[in-house]
Number of protein chains: 2
Amino acid sequence: MSVTAPKGFRAAGVTAGLKASGAPDLALVLNDGPLDVAAAVFTANRVQAAPVQWSRQAVADGRARAVILNSGGANACTGPEGFLDSHRTAEHVADLLELSAQDVLVCSTGLIGERLPMPTLLAGADAAAQQLAAGETAGAGAARAIMTTDTVPKTAQVTTASGITVGGMAKGAGMLAPQLATMLVVLTTDADVTAGAAQSALRAATATTFDRVDSDACMSTNDTVILLASGSSGIAPAPGELEEAVRDVSARLARQLVADAEGASHDVHVLVRSASTEQAALAVAREIARSNLVKAAIFGNDPNWGRIVAAAGCVPESVAPFDPADLAVTINGVQVCRGGGLGEDRSAVDMTPRETLIEVDLGAGGASGDIWTNDLTHDYVEENSAYSS
Amino acid sequence: MSVTAPKGFRAAGVTAGLKASGAPDLALVLNDGPLDVAAAVFTANRVQAAPVQWSRQAVADGRARAVILNSGGANACTGPEGFLDSHRTAEHVADLLELSAQDVLVCSTGLIGERLPMPTLLAGADAAAQQLAAGETAGAGAARAIMTTDTVPKTAQVTTASGITVGGMAKGAGMLAPQLATMLVVLTTDADVTAGAAQSALRAATATTFDRVDSDACMSTNDTVILLASGSSGIAPAPGELEEAVRDVSARLARQLVADAEGASHDVHVLVRSASTEQAALAVAREIARSNLVKAAIFGNDPNWGRIVAAAGCVPESVAPFDPADLAVTINGVQVCRGGGLGEDRSAVDMTPRETLIEVDLGAGGASGDIWTNDLTHDYVEENSAYSS
């Protein structure tokens with residue numbers, strides 16, 4: 001059901017003609033209220049696309065009614081003209097829906113460094129506005145229209161005990177290493193919440209879901225996660241309930257992003273335990289997740305734990321205190337390294353399942369942290385050596 | 001001529017039988033004096049192989065007479081037994097050459113997490129000691145015996161105006177991202193120098209040569225660079241002369257490492273200018289050099305400058321202050337991005353030469369720095385998904 005799962009939302013996905021392939025490329029999400037609460041987190045990349053610059057200031061007041069999202073062009077590194085294009089897009093959608101431009105958020109994804117064909121995009125917005133609808137088909141259409149190299153649309157929803165619903169859609173298959181935010185994601189809820197509660201729930205949820213995905217160590221200029229609340233359920237959730245529901249939907253979407261990462265043949269869960277702090281655990285997990293040698297070995301179904309240990313050893317002691325002689329590494333249940341040296345025979349490890357679990361024990365404390373990544377494959381190289389979407 | 005280019009050195013390369021392929025796998029370098037000056041820098045990886053642990057303490061007094069190097073096994077993550085193996089190797093070589101074990105440095109390279117077959121290795125050391133010789137053939141043989149996935153041996157030499165000679169050999173084709181040290185490299189000189197001068201020259205030379213190579217962002221557990229000085233020329237070089245010669249030989253060897261990196265089809269020179277500090281320039285250059293998306297695009301001959309700008313934007317402002325709106329990117333002479341936005345038409349860039357020059361102007365000061373890397377190719381994935389050497 002995607003973003004239309006909660007009450008009070010309509011959506012549409014259309015083919016504006018931004019993609020040469022003729023695939024759907026423009027999505028619109030509208031919050032019919034009664035509330036117009038909105039929260040968002042954006043990429044930590046210092047190079048921020050025009051739609052990120054626009055949406056950041058538009059959502060600063062905690063309010064928004066609509067989100068327009070296009071694939072087929074990132075509108076990043078396009079200068080003042082690119083910002084005006086995002087602004088004009090918001091104004092155009094505002095006119096169509098009788099809103100203020102400041103209530104329209106804009107997201108774009110695709111190639112960096114090209115202007116968007118504005119007449120094409122605005123005509124697409126006209127069509128999307130006409131097709132706005134509630135229900136499953138409309139939500140699915142919007143999720144499909146934001147895909148770039150994604151092979152499947154990504155949606156999720158939950159309904160809590162008290163009766164609020166959170167729905168969401170996401171896109172992202174490459175340049176997938178968010179920090180504080182990620183990819184394009186729109187979450188919706190019919191909960192009756194304040195802007196502060198929405199922002200707080202969103203921040204907390206992204207920190208342990210999207211921020212834990214690191215497919216290729218490359219952080220995008222366009223990452224955006226938006227949460228819209230309509231309040232149409234009339235239910236004010238208990239403290240923590242919204243956050244848990246948002247986290248649940250975010251985790252499901254994040255897992256779908258990993259599962260569809262460009263060219264991947266393994267989804268790799270790197271779990272670091274017995275660290276001095278969660279930050280230390282995450283630093284070690286991320287270093288392992290970013291090692292091309294670890295990732296290529298996994299592609300080859302090779303339980304090459306030496307590369308895992310070598311990656312862990314690259315994390316400065318000031319960041320993650322541990323004694324290399326205490327390291328243990330378990331791959332898919334087989335402890336191939338213990339006491340920093342040889343453990344069970346590596347030939348006992350079955351690397352054929354798509355989901356690969358790497359557990360690293362630092363022997364340095366009680367904290368843990370995990371990162372999801374993918375293997376490094378021929379298909380990743382192929383897809384990214386001739387990128388066009 | 002490799003390590004035998006300067007007067008006072010003998011070398012040998014033999015097939016001990018450590019490699020299944022039957023290729024040469026054991027090298028020995030002997031300094032016949034009169035001096036026994038030695039300097040070394042080692043990997044900054046916290047997981048340090050047994051030979052690194054041994055050699056670090058053996059060279060601490062600034063003296064060494066011999067270096068034994070094996071391919072076919074890294075002797076890393078092998079625990080106290082692995083350290084004893086390195087110690088026994090040094091003792092064995094010392095007995096053969098009538099030296100103290102503390103005067104024998106040990107280097108190993110190959111798979112992490114396997115013990116070395118010691119009888120095989122020690123028998124190889126016997127053969128190498130018998131074959132020690134001066135001259136070109138012996139030096140070339142040693143350079144060949146330290147190769148793993150290298151496709152060509154790497155040697156260099158220079159003779160300065162005052163008449164001292166520096167020679168060297170290197171191996172390294174993967175896990176090639178040194179910090180403070182790198183790969184396996186043995187440099188020799190007949191200069192009459194102190195241990196302090198040798199260490200100082202080596203540190204300075206590696207900082208701007210091997211430390212600027214970042215082929216795949218993966219730092220090894222075994223990286224070692226050794227400089228041996230025999231003093232047999234009888235010439236005490238002028239201040240700076242040794243450093244310049246060591247830097248020259250190191251730069252030539254480093255360039256050969258990049259040229260032979262696993263699976264690479266482009267050697268990529270990332271040069272960052274107009275930075276606030278050299279450290280800032282290097283941080284931006286390294287981030288670009290480590291971007292899989294940038295590297296895959298170069299493999300595909302795609303001048304995808306958006307990925308370069310996105311990588312630069314991932315460097316924290318505290319590390320490299322710059323305004324994204326001031327960024328300029330020039331690829332192989334064509335300024336495809338200026339003022340943070342569109343520049344010349346990207347189709348004007350010729351990406352077919354093996355050597356690719358990426359120039360980034362930060363507009364933030366007068367410092368510059370460069371990193372050499374490689375592209376990300378199918379062959380890199382293939383070679384590293386089924387590693388065995």
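Which loop of chain A holds Pro34(A)? Select the stretch between strand E2 (26-31) and strand E3 (37-42) of chain A, and Pro34(A) is there. (Helices, H or I with at least four residues, and strands, E with at least two, are DSSP runs numbered from the N terminus.) The peptide bond leading from Gly33(A) into Pro34(A) is cis, with omega near 15°.

Before moving on, some ground rules: this is a predicted model, where local features need pLDDT of at least 70, side-chain atom pairs count only at pLDDT 80 or more, and totals for chains, interfaces and linings use all residues. Residues are numbered from 1 along each chain as its sequence is written, chains are lettered from A and ligands numbered from 1 in the order in which they are written, and side-chain values use heavy atoms, with hydrogens and water left out.

**Stop 1: two loops in chain B**

Hop over to Gly33(B) and Pro34(B), where a cis peptide bond joins the two and omega is about 15°. Pro34(B) sits in the loop between E2 and strand E3 (37-42) of chain B. Next, pick Cys77(B), in the loop between strand E4 (66-70) and helix H2 (79-97) of chain B. Its phi is near 60°, a positive value in a residue other than glycine.

**Stop 2: the four-stranded sheet of chain B**

Now show E1-E2-E4-E5 of chain B: in that order they form an open sheet with mixed pairing. (Two strands pair if DSSP finds at least two bridges between them.) Strand E1 (9-14) and strand E5 (104-108) of chain B are the edge strands, each paired on one side only. On average, neighbouring strands here are turned by 10° against each other, direction ignored. (Axes are lines fitted to C-alpha atoms, for helices over the stretch in contact, and angles run from 0 to 180 degrees between N-to-C directions.)

Zoom in on E1(B) and strand E2 (residues 26-31) of chain B, which run antiparallel and are joined by six bridges. Arg10(B) is a good landmark, standing opposite Leu30(B) in E2(B). Then add helix H4 (residues 136-145) of chain B, which packs on the sheet, touches E1 and E2 of chain B, and makes about 50° with the direction of E1(B). (Contact means heavy atoms within 4.5 Å.)

**Stop 3: the six-stranded sheet of chain B**

Further along chain B, select E13-E12-E11-E14-E10-E15, the strand order of an open sheet of six strands with mixed pairing. Strand E13 (341-342) and strand E15 (367-374) of chain B are at the edges with a single partner strand each, so one side of each has no neighbour in the sheet. Four bridges hold strand E11 (residues 328-331) of chain B against strand E14 (residues 355-361) of chain B, and the two run antiparallel. Look for Ala328(B), whose bridge partner in E14(B) is Asp361(B).

Helix H6 (residues 241-259) of chain B packs on this sheet, touching strand E10 (267-275), E14 and E15 of chain B, at about 45° to the direction of E15(B). Helix H9 (residues 305-312) of chain B lies across E11, strand E12 (334-338), E13 and E14 of chain B, at about 135° to E11(B).

**Stop 4: between the domains of chain A**

Colour chain A as domain 1 (2-259) and domain 2 (267-385); such bounds come from an automatic or database domain assignment. Their C-alpha centres lie 33 Å apart. Together the two domains bury about 1,300 Å², 36% of it on carbon and sulfur atoms. (Buried area is the accessible area, with a 1.4 Å probe, that two parts lose on being put together, summed over both.) On the domain 1 side, Arg212(A), Asp214(A) and Val258(A) lose the most area, together 47% of what that side buries.

Six salt bridges are counted between these domains. (A salt bridge is a side-chain nitrogen of Lys or Arg within 4 Å of a carboxyl oxygen of Asp or Glu.) Show the side chains of Arg286(A) and Asp214(A), which meet in a salt bridge at 3.0 Å, N to O.

**Stop 5: where chain A meets chain B**

Finally, select the contact, with 52 residues from chain A and 52 residues from chain B. The buried area is about 4,200 Å², with carbon and sulfur atoms giving 59%. Two salt bridges cross this interface; for one between the chains, display Arg346(A) and Glu114(B), with closest N and O atoms 3.4 Å apart.
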